[in-house]
Amino acid sequence: MSVARTAAGRPRVDLVGGLLSGRRLPDEDGTVRVALVATQALLLAGDDVRITVEVDEGLALEVVEVGGTVAYDMQGGAATWTLDVHLGAGALLVWDALPFVVATGADVRRTTSLTLDEGARAVLRETFVLGRTGETGGHLTTTTRAQLAGRPLLVETLAVDPAARADPALLGGARCLDTVTLLGARYDADPPAGGDVLQLDGPGTLVRTFGSDAHTGDLAAAVAHARRAAAATARPAEGAAARSDGAVAAPR
Amino acid sequence: MTDVVGGRRSDGASALLVLAMLADARLPTGAHAHSAGLEPAVQAGLLTPAPPLTGGRGTGHPATRTPPATGASTAPRGGGGRGGEDVARVPALAATRLRTVTATEAGAAVVARHLWLDRRDLAPVEHAWAARTPSPAVRDAARRLGRGYLRLALALWPDDLDGAFPAGSAPPRPLVAGAIGAVTGLDALQVALLVGYDDVQTIASAALKLTPLDPATTTRWVLDLHPAVAAMAADVAHLTDPDDIPSAGAPMTDAWAQTHARTTRRLFHG
């Protein structure tokens, strides 16, 4: 999906669909909003989900998920989930994702790459749940690689599987790893109950909880704080909204 | 003044002696004040015997956090240690670190060595390391160690290290270790082995201060971890690009470090 400026001064949103498709929602406070909808059962063996998000300078995009994602038993197969984000100078992305459940037998490689130009900000939520109720869960390896103004800001690879759960130093028995990632701004609120606030070396913060299910230690309040922090750091946000010249592209 | 110092550039015996010297706990760098994450882990309950899978957060996590999964068995299980402590979790922690945070440090050291051989800017290595180290408490500890290492290194090899680290910079220890490796003839594998061995030995040594143990037991742990150290070092020794430094995280280790940094009752910096 891409959000770009048009000559007419309105945000132009381009959405291209595949396994997922984007649906434009009404804008809110100058923020382009797009719902991400699965067009067929996800996530199955052999699926190769690639989502590209491009937000032009000064524009704001919120991605809204309609349902969580379950990576099903792949019976020896595997799937990939690749998200590539480019945010122009001063652009903003908010993606408060719903839980990503790794069912027993699933084998998923997730890669999230974010390139932020000067002044850009992103608020991302990732909730990984190991197994549906009563399951031990499958295997997920997820890498987040973010850079801001050409400098690496966050590079983290995590395993979410029964071995990581059993390891005290990795998931420490937790079935659910819930993270709010704020890039380009700092989270300045107190840690949520049972959660940790990790201030990155560069301008960014991870807010993280370890839980027994997707509702334990809910980070909804942390997302709200992160959004406020991102908005407070905004440079051209108001000006961009006024010019209102952008386009949103779509997932494939 | 540095030209009389042994160990420069590719004399095998000299390099080995430098390696032994750098790995020696008696090296005056302040390393004895660090536990490589063991004290934060022990404070969080690492040694408290609770089955990880059913005990949920009871495993090594402060009581303030999310309660264990419902249906969890809270019955203590014998862990083979004194007083019911599961001391086998100490070498297990070291092994996990070798696959995660220590691989990152070793990778950073190897790349720093590579760049400093040609006297190239080390800032990209520091940025890459910092981006892979999300916990400020862990970064602070590494930089504190780096300071001690750098002070010593600048006294020993002032000319060779001139310009490696701008005045006022706070490089983490692996960067300093890498730069020392470059000017003393250590190869990439040796630098990675040094970082891996040091982490394991730091944990073993700290364990003796944190829980009653026979020093032969902790030394056995180190010996048994030699293959894991060697494997990790072999995995990172070829690296030359900061972007390729390993990034596998240990999220609960980060949480422990943050909690530990807020406590006052502690023996170690981190």
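A residue is called buried if 20 or more other C-beta atoms lie within 10 Å of its own, exposed if 12 or fewer do, and partly exposed in between, with C-beta atoms placed from the backbone. This is a predicted model, in which local features need pLDDT of at least 70 and side-chain atom pairs count only at pLDDT 80 or more, while totals for chains, interfaces and linings use all residues. Residues are numbered from 1 along each chain as its sequence is written, and chains are lettered from A and ligands numbered from 1 in the order in which they are written.

**View 1. Chain B is built from eleven helices and zero strands.** Helices (H or I, at least four residues) and strands (E, at least two) are DSSP runs, numbered from the N terminus. Of the 270 residues in chain B, 54% are buried.

**View 2. Helix α5 of chain B covers residues 101–117.** Of its 17 residues, 16 are buried, so α5(B) is largely enclosed by the rest of the structure. The expected span of a helix is 1.5 Å times one less than its number of residues. For α5(B) that gives 24 Å, which agrees with the 25 Å between its end C-alpha atoms.

**View 3. R119(B) follows just after α5(B).** This residue lies in the loop between α5 and α6 (123–131) of chain B. Its phi is near 55 degrees, a positive value in a residue other than glycine. Most residues other than glycine have a negative phi, and most peptide bonds are trans. R119(B) is partly exposed, with 14 C-beta neighbours inside 10 Å.

**View 4. Helices α4 (residues 89–99) and α10 (residues 215–236) of chain B pack together.** Their axes, lines fitted to C-alpha atoms over the stretch in contact, make an angle (on a scale from 0 to 180 degrees between N-to-C directions) of about 10 degrees and are 10 Å apart. Angles under 35 degrees count as roughly parallel, so α4(B) and α10(B) are roughly parallel to each other. Residues are in contact if their C-beta atoms, placed from the backbone, lie within 7 Å. Among those that meet are A94(B) and L98(B) of α4(B), and W221(B) and L225(B) of α10(B).

**View 5. Two loops of chain A hold unusual backbone geometry.** A cis peptide bond, with omega about -5 degrees, joins L42(A) and L43(A). L43(A) sits in the loop between β4 (31–38) and β5 (48–55). Q75(A), in the loop between β7 (69–71) and β8 (79–87), has a positive phi of about 45 degrees. Q75(A) is exposed, with 10 other C-beta atoms within 10 Å.

Technical notes. Parallel < 35°, antiparallel > 145°, perpendicular 65-115°, else oblique. Contact = placed C-beta atoms within 7 Å.
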